[in-house]
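Trainee: I should like to request a close look at a single part of this model, followed by an account of its surroundings.

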Amino acid sequence: MKPSFRQITRTFQAFFCLCAMLAHTGFTQPQRVSTQKVPQRPNIIFIMTDDHAAHAISAYGSKINRTPNIDRLARDGMRFTNCFVTNSICTPSRAAILTGKYSHMNGVPVFNRFDGSQPHLAKYLQAAGYQTAIVGKWHLGSDPTGFDHWNILPGQGAYHDPILIEMGQRKKHTGYATDIITDFSLEFIKNRSKDRPFFLMYHHKAPHRPWQPDEKHAQMFAGVQVPEPETFNDDYATRSAAAAEATMRIDRDLQPSDYKLIPPDGLSDAELKKWKYQRYMRDYLACVASVDDNVGRLLDYLDGSGLAQNTIVIYTSDQGFFLGNHNWFDKRFMYEESLRMPFLIRWPNQIKPGTVNDGMILNVDFAPMLLDAAGLPVPADMQGRSFLPLLRGQKPKDWRTSMYYRYYHYPQHHRVQPHYGVRNHRYKLIYFNKLNQWELFDLRNDPHELKNLYSDPRYPSVMKKLKSEMYRLKKALKDENQFEDELPKSEL
Ligand code: CA
């Protein structure tokens, strides 16, 4: 039965009387605000996978797979085409994301133990009243701090029947890590305190090496010939000695534990390389397919529960990855496939659906942006910058047009030489500091970075500007005189 106008009026009168009584007894009253102008503090779900390259997401134009659920975030929100990692490896990227600081400032340039006593994103949100949780891959050595609830894989964790450490207690679980991490994330959302916003880091192990799919997806690509990338047979001519030295080649460095099956007899070297690539990609993409299903499961829950409207959902990966590009697997190098992170973000009524943004954002910007989105100040010592204006379709005039990168980890695990460099929208300059060798690429004319122009006589002015920009950024980010034993005197 429909309530009469009089009944509605009485209900409102009773409500206002109650409010007046509560005000009189000293309860804090909710501010009467227009929800269109001042939204409630949003919930935040930060979905991060491990080693999922943007070029294996269909929203990013993948030629090798489809990711319909991850794509929902691009359809309903914003897709960033120039999101970059500042040090392309797992543990350092996670520390940079949490702290909003580069590796040389957060104490995690390689696989160091994260000092959890330092301030970081989850701590700031927790202090502001957010209920905070992390479920899945953590990989920062120390126990999480700043989280009301945590349930993490030890180290890299296992794909099948994983152990998880829940608030210090190790428990073995039966099933597939990607499903289990989603189950526990949903459980947190369902059981949370409903009186305050939440921040959930929902972190998958997948699709990290050794790329072990679940039963449901294992045969998904069995009959599929995955297209080879354009640079599959790169010979590293014109590059520094670093590219040739790296031990992450598809043909030479994939192990039997990676490709898992016994190769057919009688294959030529070129055929065997192709076979290994197919084995690698079929398992990698099957791991991604399971992630995509589970992201769909989470998004369906948000839709069904009504939470979607006031929840920011982000999909990213801790860095990019080589998918046979340059004959490689793994990451680390400042080259595009490894440097580029996928970054999709949905925030209903705040971000225009289906938008694409080419503004340059970095993993150190995530924490400042999320604090800003939650209405909190960005701490002055964070080195990243909030890109909330970009989400709203604005582009500040002084938005960055170049970024600084630095990689340290050598010789483990793939003999990728330490290097640092600068990338702008057109060019990239890389300096391999132990080798004292340089690379310069024109990304417009050579998007696959095959022609090192460092010795090309046509580029002295470009080179001069890039070097000066690199040293400017180095100084601004306080990376001056750090690790100086690695630098030849001429570069100090
Ligand atoms: Ca990783």
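How many residues line the second largest pocket, and which of them lie nearest its centre?

Mentor: The model is a predicted one. In it, the second largest pocket is lined by 23 residues, and those nearest its centre are Gln383, Arg400, Leu473, Ala476 and Leu477. Two elements, β13 (402-407) and α14 (460-476), give two or more residues each to this lining. Of the elements, α14 gives the most, with four residues. The space in this pocket comes to about 380 Å³. Sorted by class, its lining comprises twelve nonpolar, four polar and seven charged residues. Domain 1 (5-32 + 41-214 + 279-397) and domain 2 (404-491) each contribute at least three residues to the lining of this second largest pocket.

The largest pocket may be set beside it. The volume of the largest pocket is about 690 Å³. It has 24 lining residues, and the closest to its centre are His55, Lys63, Asn325, Glu337 and His448. The classes represented in the lining of the largest pocket are nine nonpolar, seven polar and eight charged residues. Here, too, at least three lining residues come from each of domain 1 (5-32 + 41-214 + 279-397) and domain 2 (404-491).

From the open pockets one may turn to the enclosed spaces. Rolling a probe the size of a water molecule over the atoms shows where empty space is left. The structure holds two cavities of 30 Å³ or more. The largest cavity has a volume of about 50 Å³, and the residues that line it are Met48, Arg94, Ile97, Leu98, Ile134, Lys137, Trp138, Leu140, Met201 and His203. At least two of these lining residues are supplied by each of α3 (90-99) and β8 (198-203). Helix α3 gives the most, with three residues. By class, the lining of the largest cavity has seven nonpolar residues, one polar residue and two charged residues.

The second largest cavity has a volume of about 30 Å³. Its lining is formed by Thr99, Lys101, Pro119, His120, Tyr124, Asp381 and Met382. That lining divides into three nonpolar, two polar and two charged residues.

The packing of the interior completes the surroundings. The protein chain contains 14 helices and 16 strands, and 57% of its 492 residues count as buried. Among contacts in the chain with a separation of 6 or more, 68% are between residues 24 or more positions apart. In soluble globular proteins, nonpolar side chains tend to be buried together. In this model, the largest nonpolar core has 146 residues, of which Phe199, Tyr284 and Phe343 touch the most other members. Helix α10 (residues 269-305) gives the most to this core, with 14 residues. Because domain 1 (5-32 + 41-214 + 279-397) and domain 2 (404-491) both give residues to the core, it lies between them.

Phe199 merits separate mention. Leaving out residues up to four places away in sequence, Phe199 touches Ile44, Phe46, Leu121, Ala122, Leu125, Tyr130, Gln131, Thr132, Ala133, Phe147 and Leu370. One of these partners, Leu370, is also among the buried residues of α12, together with Phe366, Ala367, Pro368, Met369, Leu371 and Ala373. Helix α12 (residues 366-373) is mostly covered, with seven of its eight residues buried. Just after α12, Gly375 adopts a positive phi of about 80 degrees.

Helix α10 also offers a charged residue for inspection, namely Lys273. Is Lys273 to be described as buried or exposed? Lys273 counts as buried because its relative accessibility is 8%, and the cut-off for a buried residue is under 20%. When neighbours within four places in sequence are set aside, Lys273 is in contact with Phe232, Asn233, Ile250, Asp251 and Asn327. The C-alpha atoms of Lys273 and Leu254 are 9.7 Å apart, with the two positions 19 residues apart along the chain counted as their separation.

To return to the part requested, the second largest pocket has a lining drawn in part from both domain 1 and domain 2, with α14 giving the most to it.

Technical notes: Residues numbered from 1 in each chain as written. Predicted model: local features only at pLDDT ≥ 70, side-chain atom pairs only at ≥ 80, totals over all residues. Heavy atoms only, no water. 1 Å grid on protein atoms, 1.4 Å probe; cavity = no way out; pocket = protein on both sides within 12 Å on 5 of 7 lines; lining within 4 Å. Points joined across faces, edges and corners; volume = space filled by probe spheres on them. Domains from an automatic or database assignment. Core = buried A, V, L, I, M, F, W, Y, C linked by side-chain atoms within 4.5 Å. Buried < 20%, exposed > 50% of the residue type's maximum accessible area, 1.4 Å probe, protein only. Contact = heavy atoms within 4.5 Å.
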